[in-house]
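Me: I'm new to this structure and would love a close look at one part of it. Could you pick a good place to begin and then lead me outwards, step by step?

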Amino acid sequence: MSALLEVRGLKTHFYTRAGVVKAVDGIDFTLNAGEVLGLVGESGSGKTVASFSVLGLIDPPGRIVEGSIKFKGEELVGSPVSRMRQLRGRDIAMVFQDPMMTLTPVLKIETQMIETVLAHETVSRKAARDRSIEVLRRVGIPTPEDRIGAYPHQFSGGMRQRVAIAIALLHAPALILADEPTTALDVTIQGQIIAEMQKLVAETGTAMIWVSHDLAVVETIADSVAVMYAGRVVEHGPSANVIGRPAHPYTEGLLNSIPSRTTPGKRLNQIPGMAPSVLNLAPGCPFAPRCPYEQPACAEIPPARNIGPEHMARCITPLTRELT
């Protein structure tokens with residue numbers, strides 16, 4: 001069975017006056033129907049640019065300079081703008097970190113949802129409204145028949161995010177890109193949103209890319225995890241393997257930084273230093289200056305090494321021990 005989404009050698013660069021920013025610098029991953037991929041990394045690692053590249057949302061001075069993005073076997077790199085507009089919202093949907101990026105504050109939820117349906121299908125407004133109410137009910141909006149007539153500011157942050165998810169589900173897309181959709185929410189609402197998304201994936205068979213900096217969240221929802229650093233995937237594999245036995249020092253550092261993994265009363269762990277600028281990366285492993293296991297061989301770009309079944313790490317000496 002062919003994969004739903006295949007990304008090979010993707011490079012997305014931004015051409016600025018200061019130089020070329022290699023935001024995504026040659027990444028590979030595959031996603032099948034009904035699977036959830038967690039795309040993890042610090043701010044600036046390239047995970048959001050990677051997801052925007054899939055949707056063709058890279059504006060000048062950025063552009064995809066190399067690589068392939070195949071959706072259901074169709075090459076998306078170089079596709080006409082008209083074709084990408086057909087796919088966005090209907091076959092591939094996106095849930096942004098801030099729901100107000102999705103929702104127009106001066107329009108009722110009803111208007112926004114109906115117009116989204118009519119943009120891709122020729123149905124009556126009543127049919128579009130009925131579908132919108134049903135989707136709002138599916139994501140846990142109480143009394144959707146009444147709430148659909150409200151404006152975005154009349155919803156709480158968690159409810160606005162549910163509405164944004166509902167809009168993404170209107171056309172039963174094959175793929176959803178979720179860009180840190182729970183980061184701005186409190187823990188209780190965050191848990192509810194994750195539970196709703198897990199339920200929807202199980203019921204509809206929709207595949208999802210969950211973009212996050214929080215491995216604790218990704219652990220609860222993703223089947224596989226790709227850890228990004230400085231525009232590259234440094235570790236990729238099944239969620240249980242990557243999180244249970246990380247092979248790259250950066251993944252180990254992210255996991256050791258999670259407060260829940262620290263003994264009460266013990267000082268919180270952190271990765272020393274700062275993430276490097278992708279404008280002028282030094283030769284060799286970009287994580288080397290922050291790595292506790294750095295050695296002279298790190299002056300060369302590390303190759304991708306197979307750690308186990310479908311488990312890869314880009315490190316000269318992959319870790320083989322449990323977390324400390």
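Reply: Happy to! Let's begin at a hairpin: strands S11 and S12 form it, with two residues between them. Glu310 sits in that turn and has a positive phi of about 60°. Please keep in mind that this is a predicted model.

The two arms of the hairpin run antiparallel to each other and are paired over four bridges. One residue to pick out is Met312 in S12, the bridge partner of Asn306. Met312 also has His236 standing opposite, and this brings in another strand. S10 (residues 232-238) pairs with S12 (residues 311-314) over two bridges, again in the antiparallel sense. In general, the strands of a sheet pair through backbone hydrogen bonds, in either a parallel or an antiparallel way.

From here we can turn to the aromatic rings. There are four aromatic pairs in the structure. One of them joins Tyr229 and Tyr250: the ring centres are 4.5 Å apart and the planes make an angle of 55°, which is a tilted arrangement. Tyr229 belongs to strand S9 (residues 224-229) and Tyr250 to helix H10 (residues 249-256), so this pair links distant parts of the chain, 21 residues apart. Are these two residues buried or exposed? Both Tyr229 and Tyr250 are buried.

Tyr229 has another ring partner, Phe287. Their centres lie 5.3 Å apart with the planes at 85°, so this pair counts as edge-to-face. Here we come back to our hairpin strand: Phe287 is in the loop between H10 and strand S11 (304-308), while Tyr229 is in S9, so the pair ties together parts that are 58 residues apart in sequence. Tyr229 has a relative accessibility of 2% and so counts as buried, and Phe287 is buried too, at 3%. Put together, Tyr229, Tyr250 and Phe287 make up one aromatic cluster.

Aromatic rings meet charged side chains elsewhere. Arg63 places its charged end over the ring of Tyr15, 4.3 Å from the ring centre. Arg147, in turn, lies over the face of Phe155, at 4.3 Å from the centre of that ring.

Next, let's look at the nonpolar interior. The largest nonpolar core has 59 residues, and Met208, Trp210 and Val225 have the most contacts inside it. Leaving out residues up to four places away in sequence, Met208 touches a list of partners that includes Leu31, Val36, Leu175, Met197 and Ile221. There is also a second, separate core, with 33 residues; among them are Leu39, Met84, Leu87 and Leu177.

Another sheet is worth finding in the view. This one is an open sheet of four antiparallel strands in the order S2-S1-S4-S5. S2 (19-31) and S5 are at its edges with a single partner strand each, so each has one side without a neighbour in the sheet. S1 (residues 5-16) and S2 run antiparallel and are joined by nine bridges. Within that pairing, Thr12 stands opposite Val24 in S2.

Thr12 and Val24 also meet a helix residue. Val49, in helix H1 (residues 47-55), is in contact with Thr12, Phe14, Ala23, Val24 and Ile58, leaving aside neighbours within four places in sequence. Val49 and Thr12 are 37 residues apart along the chain, yet their C-alpha atoms are 7.6 Å apart in space. Further along, a cis peptide bond joins Pro60 and Pro61, with omega about 10°. Pro61 is in the loop between H1 and strand S4 (62-71).

The positive phi in our hairpin turn has counterparts in other loops. Thr143 is not a glycine, but has a positive phi of about 40°. Its place is the loop between H4 and helix H5 (144-147), and with 45% relative accessible area, Thr143 is partly exposed. Glu180, also not a glycine, has a positive phi near 45°. Glu180 lies in the loop between strand S7 (175-179) and helix H7 (187-204), and at 9% relative accessibility this residue counts as buried.

As a last stop, try the loop between strand S5 (74-75) and helix H2 (81-87), where Ser79 is found. Ser79 is buried, at 19% relative accessible area, and its side chain reaches the backbone oxygen of Glu75 at 2.9 Å.

Key:
Residues are numbered from 1 along each chain as its sequence is written. This is a predicted model: local features need pLDDT of at least 70, side-chain atom pairs count only at pLDDT 80 or more; totals for chains, interfaces and linings use all residues. Side-chain values use heavy atoms; hydrogens and water are left out. Rings of Phe, Tyr and Trp (its six-membered ring) pair if their centres lie within 6.5 Å; planes under 30 degrees apart count as stacked, over 60 as edge-to-face and the rest as tilted. Buried means under 20% relative accessible area, exposed over 50%, partly exposed in between (1.4 Å probe, protein chains only). A charge sits over a ring if NZ of Lys or CZ of Arg is within 6 Å of the ring centre and within 35 degrees of the ring normal. A nonpolar core is a set of buried Ala, Val, Leu, Ile, Met, Phe, Trp, Tyr and Cys residues joined through side-chain atoms within 4.5 Å. Contact means heavy atoms within 4.5 Å. A polar contact is a pair of N or O atoms within 3.5 Å; within protein, one must be able to donate a hydrogen and the other to accept it, and residues adjacent in sequence count only if both atoms are side-chain atoms. Two strands pair if DSSP finds at least two bridges between them.
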